[in-house]
Amino acid sequence: MNILTKLFRRPSPIRKRDELAEFIDANAAFVAQKGIYEYARARAGHYSKVLFGEEGFQRAVEVSRWRAYPIGLAMVGEVATVVLQETTNLKRQAVVRGVSDLTLSVFDRWDVPAALDEPTWRELRASLTESLDRIGLHPPKRAMDIPEPFAEAYFALMPIHKSLRGQDFPTLKSYLKVTLCNVHDELTKRLDAPAIAAEFDRQG
């Protein structure tokens, strides 16, 4: 396969639970990491290369990245429940429980990151579980509304001193809204709804 074929090849359809899990994992990591890196670069300006070269800052970014990852999982997991509700005839509670279990299984693939300790990692899992449990307590949300309960916690994780953050919260919140809308659109395009519905039915 030549490089042009690779560049323009359409992403593969999502037909199986493990393929949906990979989608959730990859997009959760992207949502969490991209915002942190882009925000830090924008705040540092011309000094971003110097900042990213400092060991102390690299450690701070790792802590932020891993703390933000469960927030990304919660948001992308909720997007997945919305898309499955829109594209299949599965009952809402079956979708919520199935995607929640799948999202937690994604978290559980990871060992405790070197940047965090085990109690912190357990607390983050518990917080993720609570977030996923809350999905079934309200009607499906628009993708752009999903970041609302998570945006402040995400902003607080930015590896930049509070005094230097200024009035940046609305900008970062907008980033989350746009990104989650893009995740929704991509999953809608790639999801093979009948195949995924059959997978969830088999799992019961």
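# Note on an all-helix predicted model

1. A80 is buried: its relative accessible area is 0%. The residue belongs to helix 4. This is a predicted model, so every point below describes a prediction. Setting aside residues within four places in sequence, A80 is in contact with I24, V99 and L187. A21 sits 59 residues from A80 in sequence, yet their C-alpha atoms are 9.9 Å apart in space.

2. Now the overall fold. The chain has nine helices and zero strands. Read from the N terminus, the order of elements is α-α-α-α-α-α-α-α-α. The chain has 204 residues, and 45% of them count as buried. Take the contacts between residues at least 6 apart in sequence: 80% of these join residues at least 24 apart. The accessible surface is about 11500 Å². Carbon and sulfur atoms account for 53% of that surface.

3. How confident is the predictor? The mean pLDDT of the chain is 86, and 81% of the residues score at least 70. Among the elements, helix 6 has the highest mean pLDDT, at 97. Helix 1, residues 3–8, has the lowest, at 46. Over residues 3–8 the pLDDT is below 50. Beyond near neighbours in sequence, that stretch has one contact in the model. Readers should keep this in mind when looking at helix 1.

4. Next, the core. The largest nonpolar core holds 54 residues, and L20 and L84 touch the most other members. Seven elements are worth tracing here: helix 2 (17–44), helix 4 (55–87), helix 5 (92–107), helix 6 (118–134), helix 7 (151–156), helix 8 (169–190) and helix 9 (193–203) each give two or more residues to this core. Helix 4 gives the most, with 14 residues.

5. Which residues does L84 touch, not counting residues up to four places away in sequence? They are L20, L90, V95, V99, L191, I196 and F200. L20 is thus a partner of L84, and both are the residues that touch the most other members of the core. V99 is also on the contact list of A80.

6. Helix 8 deserves a look along its length. It has 22 residues, and at 1.5 Å a residue it should span 32 Å. The C-alpha atoms at its ends are 32 Å apart, so the expected and modelled spans agree. Its buried residues are L172, K173, Y175, L176, T179, L180, V183, H184, L187 and R190. The list includes K173, H184 and R190 as well as leucines. An α-helix has 3.6 residues a turn, so residues three or four places apart point the same way. Among the buried residues, L176, T179, L180, V183, H184 and L187 can be followed on the structure with that in mind.

7. Is N27 buried or exposed? It is buried, because its relative accessible area of 10% falls under the 20% cut-off. N27 is found in helix 2. Leaving out residues up to four places away in sequence, N27 touches V76, V183 and E186. One of these partners, V183, is itself buried in helix 8.

8. The aromatic residues come next. The structure holds six aromatic pairs. W66 and W110 form one of them, and this pair is edge-to-face. The ring centres are 5.2 Å apart, with 70 degrees between the planes. The pair links distant parts of the chain: W66 lies in helix 4, W110 in the loop between helix 5 and helix 6, 44 residues away. W66 is buried, with a relative accessible area of 11%. W110 is partly exposed, with a relative accessible area of 35%.

9. A second pair is F107 with W121. Why is this pair stacked? The planes of its rings meet at 20 degrees, which is under the 30 degrees needed, and the centres are 4.3 Å apart. This pair too links distant parts of the chain, with F107 in helix 5 and W121 in helix 6, 14 residues apart. Both F107 and W121 are buried. Ring pairs link W66, Y69, F107, W110 and W121 into a cluster.

10. Last, a residue with more surface. E130 is found in helix 6. It is partly exposed, because its relative accessible area of 47% lies between the 20% and 50% limits. E130 and A74 are 56 residues apart in sequence. Their C-alpha atoms are 9.4 Å apart in space.

Definitions and conventions. Residues are numbered from 1 along each chain as its sequence is written. This is a predicted model: local features need pLDDT of at least 70, side-chain atom pairs count only at pLDDT 80 or more; totals for chains, interfaces and linings use all residues. Side-chain values use heavy atoms; hydrogens and water are left out. A nonpolar core is a set of buried Ala, Val, Leu, Ile, Met, Phe, Trp, Tyr and Cys residues joined through side-chain atoms within 4.5 Å. Buried means under 20% relative accessible area, exposed over 50%, partly exposed in between (1.4 Å probe, protein chains only). Helices (H or I, at least four residues) and strands (E, at least two) are DSSP runs, numbered from the N terminus. Contact means heavy atoms within 4.5 Å. The expected span of a helix is 1.5 Å times one less than its number of residues. Accessible areas come from the Shrake-Rupley method with a 1.4 Å probe; for residues, only the protein chains shown count as cover. pLDDT is the predictor's confidence in each residue, from 0 to 100. Rings of Phe, Tyr and Trp (its six-membered ring) pair if their centres lie within 6.5 Å; planes under 30 degrees apart count as stacked, over 60 as edge-to-face and the rest as tilted.
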